[in-house]
Amino acid sequence: MATATSIASPRTSGAATLLLLAAAAYAQPTLNIKEGGLTYRSHCAPCHGLEGAGGRGPALNTGRFHHATTDEELLRVISNGIPGTEMPGQFYEEDKLRHVVAYLRSLSSHTPPKGDPARGKALYAKLACSQCHRIAGQGGRLGPDLTEIGRSRAPAHLRAAITDPDADVRQRYWTVRFNDAQGRQHEGLLMNEDTYSVQFMDITERLHSVSKSGLSNYRVEKVSKMPSYKSQLSPAELDDLVAYLASLRPQGDAR
Ligand code: HEC
Ligand code: HEC
């Protein structure tokens, strides 16, 4: 017990005893990987994949994390989420999350994408992906910035994004179409809308804000502006392109 005294600076001895008991309880190997797996399956697998191989969220089975090194840091990432990303704050009880952390630690079979990043980079240029995507400040704005895409998305998601863009389109990239009061047709990426107005970005990247009164044929389509490259790429070329995208990470974040 004496060694645990430094863990907290309790105000009363009663509280001290409770804290020490709590600390002692956490020190016990009571982590339940199976239970963590159940929580993981229902709350995390939709984005991170059943086996942690990733999808819309990054792979969690590599044994390395961008946002965390220690279990405590992992715990914080999972309970707070990552602001500005799709990683939600989950607010579970801490002990439940510890099981999830234990489960994550139990997964680590990482197979890096098998393609060749250098050939993938050449393909990216040849197919003019930069028409719509930026990497390190270069390129268009119609699609998401890909500068660090390898950090937040797993290879399986990157592959699907290229071959089947309509499968998983975020709201920010939905298409809005309508005719204005003069009957002219408009189309663009839905940036925002409320009852009275709609904001959208047209194909030339210009932003528009339009009052909804007087518009006709107003519709929002959850399809991607990105063409499918499925029929243009051989399986080996697709591997190369995925390997290139997966390699796009913040400096010093190789894995
Ligand atoms: C709606 C999709 C979504 C859900 C649900 C979700 N995540 Fe995430 N998660 C993400 C995304 C996207 C990121 C990457 C954020 C970034 O760095 O850009 C992420 C990042 C993480 C990271 C950091 C990875 C790293 O390399 O540092 C961890 C750990 C994590 N999630 C664990 C979980 C756990 C555990 C759950 C379930 C309790 C969960 N996530 C639920 C989308 C999700
Ligand atoms: C005409 C514009 C356009 C072109 C050309 C284009 N994309 Fe996209 N791309 C988009 C848009 C818009 C989205 C977001 C909607 C979606 O998920 O499909 C997107 C999404 C993506 C995503 C998913 C990003 C994420 O955050 O999940 C990847 C990866 C991607 N594109 C790669 C490519 C590659 C590689 C090429 C070239 C082979 C390419 N794109 C060509 C418009 C384009």
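This report describes the ligand shells, a helix crossing, a sheet and two unusual backbone sites in a predicted model.

**Ligand shells**

The shell around ligand 1 is made up of 25 residues, and the closest of them are Cys-44, Cys-47, Gly-57, His-67 and Met-87. Three elements contribute two or more residues each to this shell, namely helix H3 (45-48), helix H4 (71-80) and helix H7 (149-152).

Ligand 2 is surrounded by 23 residues, with Cys-129, Cys-132, Gly-143, Ser-224 and Met-226 coming nearest. At least two residues of its shell are supplied by each of helix H8 (155-163) and helix H9 (235-246). The greatest contribution to the shell around ligand 2 is that of H8, with 3 residues.

The composition of both shells by residue class is set out below.

| Shell | Nonpolar | Polar | Charged |
|---|---|---|---|
| Ligand 1 | 14 residues | 8 residues | 3 residues |
| Ligand 2 | 17 residues | 4 residues | 2 residues |

**Crossing of H4 and H5**

Helix H4, which gives residues to the shell around ligand 1, also packs against helix H5 (residues 94-106): their axes come within 10 Å and cross at roughly 115 degrees. The crossing of these two helices is right-handed. On the H4 side the contact involves Asp-71, Leu-74, Leu-75, Ile-78 and Ser-79, and these meet Leu-97, Arg-98, Val-100, Val-101 and Leu-104 of H5. By class, the residues of this contact comprise 7 nonpolar, 1 polar and 2 charged.

**The five-stranded sheet**

An open sheet of 5 strands is arranged in the order E6-E5-E4-E3-E7, and its pairing is antiparallel. Strand E6 (207-211) and strand E7 occupy the edges; each has a single partner strand, so one side of each lacks a neighbour in the sheet. On average, neighbouring strands of the sheet are turned by 35 degrees against each other, direction ignored.

Strand E3 (residues 175-179) has two contrasting faces: Val-176 and Phe-178 form the covered face, whereas Thr-175, Arg-177 and Asn-179 form the uncovered one. E3 is joined to strand E4 (residues 185-193) by 5 bridges, the two strands running antiparallel. Its antiparallel pairing with strand E7 (residues 216-221) comprises 4 bridges. Val-176 takes part in the register with both neighbours: it stands opposite Gly-188 in E4, and its bridge partner in E7 is Val-220. The hairpin of E3 and E4 has 5 residues between the strands, and within this hairpin Gly-183 adopts a positive phi near 90 degrees.

**Positive phi outside glycine**

Most residues other than glycine have a negative phi. Against this background, two sites deserve mention. Ala-128 has a positive phi, near 55 degrees, and is found in the loop between helix H6 (117-126) and strand E1 (134-135). How many other C-beta atoms lie within 10 Å of Ala-128? There are 11 such atoms, and Ala-128 is therefore classed as exposed, the cut-off for that class being 12 or fewer.

Asn-217, likewise not a glycine, has a positive phi of about 55 degrees. Asn-217 lies in strand E7, one of the edge strands of the sheet. Because Asn-217 has 10 other C-beta atoms within 10 Å, it too is exposed.

Technical notes
Residues numbered from 1 in each chain as written. Chains lettered and ligands numbered in written order. Predicted model: local features only at pLDDT ≥ 70, side-chain atom pairs only at ≥ 80, totals over all residues. Near = placed C-beta within 6 Å. Nonpolar A, V, L, I, M, F, W, Y, C, P; charged D, E, K, R; others polar. Axes fitted to C-alpha atoms, helices over the stretch in contact; angles between N-to-C directions. Left-handed = near helix turned anticlockwise from the far one by under 90°. Contact = placed C-beta atoms within 7 Å. Buried ≥ 20, exposed ≤ 12 C-beta atoms within 10 Å, placed from the backbone. Pairing = 2+ DSSP bridges.
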